[in-house]
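Hi,

Here is the structure I promised to pass on. Have it open while you read, and my notes follow below.

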Amino acid sequence: MAARHGPKHGPGRRPRELERILSKAGAGSRTQARTWIEAGRVTVNGVRIVDPDAWFDPERDRIALDGRLLALEKKLYVALHKPRGYLTTRTDPDGRPTVYQLIADLGAWVVPVGRLDAQTSGLLLFTNDTQFAEHVTNPRSHVDKIYRVEATPRLSAESLASLETGVELSDGMTLPAVVMHVVHRGRATSFDLRFREGRNRQVRRMVRAAGSKVTKLARLAIGSVKLGELASGAHRPLTTREVSALYAPRRSEEGGAPRR
């Protein structure tokens, strides 16, 4: 089969570069897609294609990555209750469990909307809509996340207040946050933390900067989407209302966290 190298592919068609098709389908970034194609992992209509710049029609051509057809048209939005011990990655060379094992029945290529480290549980979203993923994870979109934190040793009122006003991390000051539902038990403090940033291991780093250490961490909500009663390891589709709400979250005053 000869690859098509241009946009003229019949009336009404929408041809585009193969690497872009994979990226738009949520398989990965364009850089990743180019690597996969050049490695011979992509077929179009049963024929292996190694040219990332070859043009195809996502509406007509059957495109597969590692033998699995891409879900190119239907947009998927999924909420997973990630258990502790699972990696937010497709595969692990050491054989550790990954979140993709929990959503294998979707039958489509999706990407995580943000990440959770191995020891953090809770709400994790997946989609094949890359525009949606970029919107939700961008701090300028004002999409808040709520985490339940347990930390030892006990955090003082001053330390908790510092989390709200912002703490200095290696990559700069954090934005204002909201501390809620504080409970002290022995040497430990538990509380909910609401903020909209998404830096690597941010909650753990914030708590460390405040003088304590996270012993347990779970994400309870992303915007108006709540973990709720979703069982550990289970997933569900987002409702149309939930998706729409994430595209238009409640904005806060002066760019900080919403008021209590």
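**What I found**

Let's start with R199, which sits in the loop between β14 and α5. Bear in mind that this is a predicted model. The side chain of R199 makes a polar contact with that of D171, at 2.8 Å. Leaving aside residues up to four places away in sequence, R199 touches L169, D171, G172, M173, T174 and R205.

That loop holds another arginine to look at. R201 forms a salt bridge with D117, with 3.4 Å between the closest N and O atoms. This pair links distant parts of the chain: R201 is in the loop between β14 and α5, D117 is in the loop between β8 (111-113) and β9, and 84 residues separate them. R201 counts as partly exposed because its relative accessible area is 41%, whereas D117, at 18%, falls under the 20% cut-off and is therefore buried.

D117 also has a salt bridge with R204, where the side chains meet at 2.9 Å, N to O. R204 lies in helix α5 and D117 in the loop between β8 and β9, so this pair ties together parts that are 87 residues apart in sequence. Are R204 and D117 buried or exposed? Both are buried.

Salt bridges turn up elsewhere too. As background, side chains of opposite charge can pair when their charged atoms come close. The structure holds 14 salt bridges. One of them joins the side chains of R34 and E19, at 2.8 Å from N to O. Here R34 belongs to helix α2 (residues 30-38) and E19 to helix α1 (residues 18-24), and the two are 15 residues apart. R34 is partly exposed, because its relative accessibility is 28%, while E19 has just 7% and so counts as buried.

Coming back to the R204 and D117 salt bridge for a moment, that pair is buried. There is also a network: E19, R30, R34, E38 and D53 are joined into one by salt bridges that share partners.

**The nonpolar cores**

Which residues touch the most other members of the largest nonpolar core? They are F126, V149, L163, F191, L193 and V203, out of 31 residues in that core. Several elements each supply at least two residues of this core: the strands β7 (77-82), β9 (120-127), β10 (145-152), β14 (188-195) and β15 (213-222), plus the helices α4 (157-165) and α5 (202-209). Another core, of 17 residues, lies apart from this one and has I21, A27, I37 and I63 among its members.

F126 is a good residue to click on. Not counting residues up to four places away in sequence, F126 touches L76, Y77, V78, L80, V99, Y100, I103, V110, V111, P112 and V113.

**The chain overall**

Finally, the wider view. The chain has 6 helices and 17 strands, and 50% of its 260 residues count as buried. Among contacts with a separation of 6 or more, 66% are between residues 24 or more positions apart. About 13,400 Å² of the chain is exposed, with carbon and sulfur atoms supplying 49% of that.

Cheers

How values were computed
Residues numbered from 1 in each chain as written. Predicted model: local features only at pLDDT ≥ 70, side-chain atom pairs only at ≥ 80, totals over all residues. Heavy atoms only, no water. Core = buried A, V, L, I, M, F, W, Y, C linked by side-chain atoms within 4.5 Å. Buried < 20%, exposed > 50% of the residue type's maximum accessible area, 1.4 Å probe, protein only. Helix = DSSP H or I, 4+ residues; strand = E, 2+ residues; numbered from the N terminus. Contact = heavy atoms within 4.5 Å. Polar contact = N/O pair within 3.5 Å; in protein donor to acceptor, adjacent residues only side chain to side chain. Salt bridge = Lys/Arg side-chain N within 4 Å of Asp/Glu carboxyl O. Areas by Shrake-Rupley, 256 points an atom, 1.4 Å probe, with all protein chains shown as cover.
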